[in-house]
Amino acid sequence: MKKHPWTYIAITATAALGLMMAGGVAADDGRQSQAQPMLLASETMEKAGDAVSDTWITSKVKSTFLADSDLDGMDIKVETTQGVVSLSGTVSSEAEKELAIQKTKSIKGVKDVSADALMVAD
């Protein structure tokens, strides 16, 4: 099975985010108690998990659009924040807009979809 370029982007983004988060945890200057660095590490990992999930969702939605011959995925912008996916751009019909919303809602981890900025071409 051929991997889509978005797969590599998601993997690279995940690795980069992990390295950035690890650097922030290692920057402790030693003046804090032992319990506090563990708390900071836990919070950092939770935030990293949220960001990775959002990145994964965005990549999955975009790749789903690109793989679907009934959608012009190149004209749909996808952003995800805390599991809420925002779609923007232009589609050719109301049916294409509804299909984009339906496909997005079917992705694991998507909590809600905002398509107010997804316009139908005249």
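What follows is a walk through one sheet of this structure, the helix that packs on it, and one residue of an edge strand. The model is predicted, so local features are taken at pLDDT of at least 70 and side-chain atom pairs only at pLDDT 80 or more, whereas totals for chains, interfaces and linings use all residues. Residues are numbered from 1 along each chain as its sequence is written, and side-chain values use heavy atoms, with hydrogens and water left out.

Three strands (DSSP E runs of at least two residues, numbered from the N terminus) form an open sheet in the order S1-S2-S3, with mixed pairing, where pairing requires at least two DSSP bridges between two strands. Strand S1 (76-81) and strand S3 (112-120) are the edge strands, each pairing on one side only. Neighbouring strands of the sheet are turned against each other by 10 degrees on average, direction ignored, with axes being lines fitted to C-alpha atoms.

Strand S2 (residues 84-91) pairs with S3 in the parallel sense over seven bridges, and Val84 has Asp112 of S3 as its bridge partner. Helix H3 (residues 94-105; helices are DSSP H or I runs of at least four residues) packs on the sheet and touches S1, S2 and S3, contact meaning heavy atoms within 4.5 Å. The direction of H3 makes about 160 degrees with that of S3, on a scale from 0 to 180 degrees between N-to-C directions, the helix axis being fitted over the stretch in contact.

Within strand S1 lies Thr80, which counts as buried because its relative accessibility is 12%, below the limit of 20% (1.4 Å probe, protein chains only). Leaving aside neighbours within four places in sequence, Thr80 is in contact with Asp54, Ile57, Thr58 and Val85.

Note on methods:
Buried < 20%, exposed > 50% of the residue type's maximum accessible area, 1.4 Å probe, protein only.
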